Amino acid sequence: MKKQFVAQQAGARLPDQRKTRKPWTRNDWILLIMALLGLAFLAVFAYAPLYGLLLAFKVDGEYINIQHAIQYGTWAGWDQFKDFLTDPDFADIMFNTLGLNLLQLLINFPAPIIFAVLMSELLSDKFKKMVQTVTFFPHFLSWVIFGGIFLSLLDYDTGFVNTILVKLGLVSEPVDILGGEGYFWGLIICTSLLKGLGWGSIIYVAAISGVPKEQYEAAILDGANRWHKIRYVTLPAIAPTITLFFILSISGLLNNGVDHLWVFQNANNIARSEVLDTFIYKFGIPYQRYGYATAIGLMKSVVSVILLVTGNAVCKKISGKGIY
């Protein structure tokens, strides 16, 4: 400060103390390119398709070309939305969609959390890696392959499951699991659980591994057993992660996925297997009613956004945690 004062008194010019901008390095350019690729992906696959929402308000006139359907289709306003809401199958489709998703939320949502907690309690690293490998593997199989395995196992005449049940005397004759309406929801829940249990637990395993070991040591000093450590240390530590995925699961209550249900859907179980996603697919691709399918998809998206906002508000009010 003294030198600065002397220099000012002497009329000397102080050097410019403003920070100079650091020149960009190769890593900076690489990061920029990666970010631009992400933006390009969103622009092409998220924002550009929004142009196609015009189909929801037009009668496509059975144009095979979607662009022609958008340009030359007859303006229909809200008619296609009304057609779906007054469709005779609307009640059954919504019942199947919500019923199946609520059951999956009740069963399949907590399953990866429980599995991750159990994985964290394993003492043998070698056994833990083996369990992870076995449970992660089904995720990398397509539903055509994974579902085809169950179609073979559950076949009415030659399936391994029915053969064992009959030989053990548990049933007098084979059970039509694949064709029976009463078995379809259980089949979907069990297969989705087997396929996604290991992969769905990755985030929770990572969150548990980030819990400071000092907290567990302090809990042990306070006399906590294994259950107490899970209840008072592990679960509260991963609560924000659980809340995030719970809100996202609520927003997806109308999403079932076509590939999973399409594998097991047939004429015998159609009364309990027809959901919004399969209904949209049938009208959008085989029947080429683009406008009708787009209108249903738009309604589903709007409801999903409402569920997301509502679920976030409720979770913030109850637990104080939310997405935003």
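**Salt bridges, helix crossings and a nonpolar patch in a predicted model**

At 10% relative accessibility, D277 counts as buried, since buried residues are those under 20% relative accessible area. The model in which this residue is described is a predicted one. D277 forms a salt bridge with K300, and the closest N and O atoms of this pair are 2.5 Å apart. Distant parts of the chain are linked by the pair: D277 belongs to helix α17 (residues 276-284) and K300 to helix α18, with their positions 23 residues apart in the numbering. K300 also counts as buried, because its relative accessibility is 13%.

In total, the structure holds three salt bridges. Another of them joins K282 to E274, where the closest N and O atoms are separated by 2.9 Å. Both K282 and E274 are buried. A further salt bridge is formed by E121 and R226, with a distance of 3.1 Å between the closest N and O atoms. This pair, too, links distant parts of the chain, as E121 is located in the loop between α6 and α7 and R226 in helix α13 (residues 226-237), 105 residues apart. R226 has a relative accessibility of 47% and therefore counts as partly exposed.

The arrangement of the helices was examined next. Two packed helices are described by the angle between their axes and the distance between the axes. For helix α6 (residues 110-120) and helix α7 (residues 125-136), the axes come within 10 Å and cross at roughly 155°. Because of this angle, α6 is roughly antiparallel to α7, the cut-off for that description being an angle over 145 degrees. The crossing in which α6 passes α7 is left-handed. The loop between these two helices is where E121, the salt-bridge partner of R226, is found.

A second pair of helices consists of α5 (residues 90-107) and α10 (residues 181-200), whose axes come within 10 Å and cross at roughly 40°. The helices α5 and α10 are therefore oblique to each other. In this case, α5 passes α10 in a right-handed crossing.

Individual residues also show how separate positions of the chain are placed relative to one another. N162 lies in helix α9 (residues 160-167) and, at 2% relative accessibility, counts as buried. Its C-alpha atom is separated by 5.2 Å from that of P174, a residue twelve positions away along the chain. L307 is placed in helix α18 (residues 290-319), the helix that also holds K300. L307 counts as partly exposed because its relative accessibility is 23%. The C-alpha atoms of L307 and I247 are 8.5 Å apart, although 60 residues separate the two along the chain.

At the surface, a nonpolar patch of about 940 Å² is made by L36, L39, F41, L42, V44, F45, Y47, L50 and L53. One of these residues, L50, is found in the loop between α2 (26-47) and β1 (58-59). With a relative accessibility of 47%, L50 counts as partly exposed.

Terms used. Residues are numbered from 1 along each chain as its sequence is written. This is a predicted model: local features need pLDDT of at least 70, side-chain atom pairs count only at pLDDT 80 or more; totals for chains, interfaces and linings use all residues. Side-chain values use heavy atoms; hydrogens and water are left out. Patches are made of residues with over 30% relative accessible area and no salt bridge: like charges are joined within 9 Å, nonpolar side chains (Val, Leu, Ile, Met, Phe, Trp, Tyr) within 5 Å. Accessible areas come from the Shrake-Rupley method with a 1.4 Å probe; for residues, only the protein chains shown count as cover. A salt bridge is a side-chain nitrogen of Lys or Arg within 4 Å of a carboxyl oxygen of Asp or Glu. Helices (H or I, at least four residues) and strands (E, at least two) are DSSP runs, numbered from the N terminus. Buried means under 20% relative accessible area, exposed over 50%, partly exposed in between (1.4 Å probe, protein chains only). Axes are lines fitted to C-alpha atoms, for helices over the stretch in contact, and angles run from 0 to 180 degrees between N-to-C directions. Angles under 35 degrees count as roughly parallel, over 145 as roughly antiparallel, 65 to 115 as roughly perpendicular and the rest as oblique. A crossing is left-handed if the near helix is turned anticlockwise from the far one by less than a right angle, and right-handed if clockwise.
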